[in-house]
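Colleague: Please take a close look at one part of this model. I would like the helix that contributes most to the core, and what surrounds that helix.

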Amino acid sequence: MTTRVGGERGGDGVGSAERQAKIQRRTRETDVTVRLVLDGTGSTDITTGIGFYDHLLSSLAHHGLFDLEIRASGDLHVDEHHTVEDVALVLGSAFAEALGNRTGIRRFGDAAVPMDESLATAVVDVGGRPYSVVELPFRGERVGGLPLQLIEHAVEAFARAAGATVNIQGSGRNDHHLAEAAFKAFGRALREACERDPRRAGVASTKGTAG
């Protein structure tokens, strides 16, 4: 069950002061609550039970200048899959809610971020079209408690729930560096895409509607 907590909704374009959302999703496998402020300062308070996942999500929010609170508990005694996926789904839903009708935003964003020997690029479109491509050549199976194969799955879940196209690519020899560079680039690209465009009055689409 997904609950959108009252009083915190997405804005309706350039003139809206508050672009935020609070969403809770409870299932037999997980209980996830996300509070997101798009026009924030990068403040984070994230606990998912998976330390490296917390680290990546904190990097995304810090470099995207989103205020982000996440509380998640899940069936980690089974494995990390359900928790990682459901956090990404709720986070994507929070972005969709906070963006409202998606008028007056830049829509597209891109960023490249190095971290020592690693380099990652992220290109996003928050115009309502869900799709993801992730090409990160990890060498190992895990960093800390996070199975690295779940990063691609998390980005796909986010893209589906947010109504976003996400393309992330990178190269590197250290899996920690590569994953962190990818999420920093992802955050910066999201920041640009979600920003208000002072010259844009409607939706950034020749169709006149998002999606």
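Modeller: Here is a walk along that helix, then outward to its surroundings.

This is a predicted model, where local features need pLDDT of at least 70, side-chain atom pairs count only at pLDDT 80 or more, and totals for chains, interfaces and linings use all residues. Residues are numbered from 1 along each chain as its sequence is written, and side-chain values use heavy atoms, with hydrogens and water left out.

The helix is H4, residues 175-194. Helices (H or I, at least four residues) and strands (E, at least two) are DSSP runs, numbered from the N terminus. H4 has 20 residues. From first C-alpha to last it reaches 28 Å, close to the 28 Å expected at 1.5 Å a residue. The expected span is 1.5 Å times one less than the number of residues.

The N-terminal end of H4 is capped by Asn 174. A side-chain oxygen of Asn 174 lies 3.0 Å from the backbone nitrogen of His 176.

Now burial. Buried means under 20% relative accessible area, exposed over 50%, partly exposed in between (1.4 Å probe, protein chains only). In H4, 16 of the 20 residues are buried, so the helix is largely enclosed by the rest of the structure.

Next, the core. A nonpolar core is a set of buried Ala, Val, Leu, Ile, Met, Phe, Trp, Tyr and Cys residues joined through side-chain atoms within 4.5 Å. The largest one has 64 residues. Tyr 53, Phe 95, Ile 151, Phe 186 and Leu 190 touch the most other members. H4 supplies the largest share of this core, 11 residues. In soluble globular proteins, nonpolar side chains tend to be buried together.

Ile 151 shows one set of contacts with the helix. Contact means heavy atoms within 4.5 Å. Residues up to four places away in sequence are not counted; Ile 151 then touches Leu 56, Leu 136, Phe 138, Leu 146, Ala 179 and Phe 183.

Then the rings. A pair of aromatic rings is described by the distance of the centres and the angle of the planes. Rings of Phe, Tyr and Trp (its six-membered ring) pair if their centres lie within 6.5 Å; planes under 30 degrees apart count as stacked, over 60 as edge-to-face and the rest as tilted. The structure holds four aromatic pairs. Phe 95 and Phe 158 have ring centres 5.4 Å apart and planes at 75 degrees, so this pair is edge-to-face. The pair links distant parts of the chain, with Phe 95 in helix H2 (residues 81-99) and Phe 158 in helix H3 (residues 149-162), 63 residues apart. Phe 95 counts as buried, at 2% relative accessibility. Phe 158 is buried too, at 5%.

Phe 158 also pairs with Phe 186, again edge-to-face, at 5.4 Å centre to centre and 80 degrees between the planes. Phe 158 lies in H3 and Phe 186 in H4, so this pair ties together parts that are 28 residues apart in sequence. Phe 186 is buried, as is Phe 158. One aromatic cluster takes in Phe 66, Phe 95, Phe 158, Phe 183 and Phe 186.

H4 also holds a charged-type name in its list: Lys 184. Lys 184 is buried, with a relative accessible area of 16%. Leaving aside neighbours within four places in sequence, Lys 184 is in contact with Ser 59, His 63, Val 113 and Met 115.Helix H1 (residues 51-64) comes next. H1 has 14 residues and reaches 20 Å from its first C-alpha to its last, close to the 20 Å expected at 1.5 Å a residue. Its buried residues include Tyr 53, Leu 56 and Ser 59. After H1 comes Leu 65, whose phi is positive, near 60 degrees.

Two further residues sit in the loop between H2 and strand S6 (108-115), one of them Arg 102 and the other Arg 107. Arg 102 is not a glycine, yet has a positive phi of about 65 degrees. At 10% relative accessibility, Arg 102 counts as buried. Phi of Arg 107 is near 80 degrees, also positive in a residue other than glycine. Arg 107 is buried, with a relative accessible area of 14%.

How values were computed:
A polar contact is a pair of N or O atoms within 3.5 Å; within protein, one must be able to donate a hydrogen and the other to accept it, and residues adjacent in sequence count only if both atoms are side-chain atoms.
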